Amino acid sequence: MATIRRMGLARHSASLAVAVAWLVAMASSVVRAQQPDTSLPSNHVARALPGLERGQRVRIRVNGDGLKEGVVLGSSERLVTIRRAGAATAIPAAGVDSLWVRGTHAGRGALIGGAVLGLGFGALGATVCPSECDVSSATGFKRGGLIGVVLGGAIGAIVGLTVHSWRLRVP
């Protein structure tokens with residue numbers, strides 16, 4: 001309390017105490033979130049399987065039976081059914097060692113394309129517009145940037161749809 005008085009914060013001591021208590025509480029939850037996950041592997045599988053969508057392409061490594069790849073026909077916490085080579089295969093959750101899901105990079109492509117073309121068109125608008133458009137360079141940058149973000153985002157998303165990769169879901 002003496003330090004608080006010396007710093008001239010005595011009249012704010014109640015709100016300061018509340019702020020410190022809030023920071024300690026929030027920091028402890030962040031620290032707890034960084035702890036390793038000690039739940040059973042079967043719990044990871046039970047949480048991941050219901051999230052699979054019908055028609056999604058998956059690779060599943062089954063304990064003692066190798067790798068199975070196919071398209072999801074249905075899934076629940078206990079079982080996933082995939083179609084591979086024309087036949088349906090039911091895989092129990094207890095047998096799943098790892099689960100990989102095939103996805104695209106449409107979101108990342110849209111982000112990169114929007115950022116690149118947004119900055120490029122913004123810079124172009126900032127340099128051209130003061131002499132050609134009768135607006136300030138800041139307005140030219142905003143308008144050009146907006147057009148670039150929309151156009152680049154659309155182009156980037158289309159390109160990202162063509163780029164596929166496997167993402168590990170379990171373990």
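A residue is termed exposed when its relative accessible area is over 50% and buried when it is under 20%. The views below show a predicted model.

**View 1. Alanine 85 in the loop between strand 3 and strand 4 of the predicted model.** Strand 4 comprises residues 87–92, and alanine 85 belongs to the loop that links strand 3 to it. The relative accessibility of alanine 85 is 88%, so this residue counts as exposed. Its backbone is also notable: phi of alanine 85 is near 55°, a positive value in a residue other than glycine.

**View 2. Threonine 89 in strand 4.** In contrast to alanine 85, which counts as exposed, threonine 89 counts as buried because its relative accessibility is 19%. Setting aside residues up to four places away in sequence, threonine 89 touches Lys68, Val80, Thr81, Ile82 and Arg84.

**View 3. The largest nonpolar core, centred here on isoleucine 60.** This core has 16 residues, and those with the most contacts inside it are Leu52, Val58, Ile60, Val80 and Leu99. At least two residues of the core come from each of helix 3 (41–48), strand 1 (57–62), strand 3 (79–84) and strand 5 (96–104). Beyond its neighbours within four places in sequence, isoleucine 60 contacts Gly66, Leu67, Lys68, Val80, Ile82, Ile91, Val96, Ser98 and Leu99. Val80 thus appears both among the core residues with the most contacts and among the contacts of isoleucine 60; Val80 is also touched by threonine 89.

**View 4. Valine 45 in helix 3.** Valine 45 has a relative accessible area of 2% and is therefore buried. When neighbours within four places in sequence are left aside, the contacts of valine 45 are Pro50, Ala93, Val96 and Val170. Val96 is likewise in contact with isoleucine 60. The C-alpha atoms of valine 45 and proline 171 lie 7.5 Å apart, although the two residues are 126 residues apart in sequence.

**View 5. Packing of helix 4 against helix 5.** Two packed helices are described by the angle between their axes and by the distance between those axes. Helix 4 spans residues 106–132 and helix 5 spans residues 137–161; they pack at an angle of about 155°, with their axes 5 Å apart. Because angles over 145 degrees count as roughly antiparallel, helix 4 and helix 5 are roughly antiparallel to each other. Their crossing is right-handed. Sorted by class, the contact between helix 4 and helix 5 has 16 nonpolar and 15 polar residues, with no charged residues.

Note on methods. Residues are numbered from 1 along each chain as its sequence is written. This is a predicted model: local features need pLDDT of at least 70, side-chain atom pairs count only at pLDDT 80 or more; totals for chains, interfaces and linings use all residues. Side-chain values use heavy atoms; hydrogens and water are left out. A nonpolar core is a set of buried Ala, Val, Leu, Ile, Met, Phe, Trp, Tyr and Cys residues joined through side-chain atoms within 4.5 Å. Buried means under 20% relative accessible area, exposed over 50%, partly exposed in between (1.4 Å probe, protein chains only). Helices (H or I, at least four residues) and strands (E, at least two) are DSSP runs, numbered from the N terminus. Contact means heavy atoms within 4.5 Å. Axes are lines fitted to C-alpha atoms, for helices over the stretch in contact, and angles run from 0 to 180 degrees between N-to-C directions. Angles under 35 degrees count as roughly parallel, over 145 as roughly antiparallel, 65 to 115 as roughly perpendicular and the rest as oblique. A crossing is left-handed if the near helix is turned anticlockwise from the far one by less than a right angle, and right-handed if clockwise. Ala, Val, Leu, Ile, Met, Phe, Trp, Tyr, Cys and Pro count as nonpolar, Asp, Glu, Lys and Arg as charged, and the others, Gly among them, as polar.
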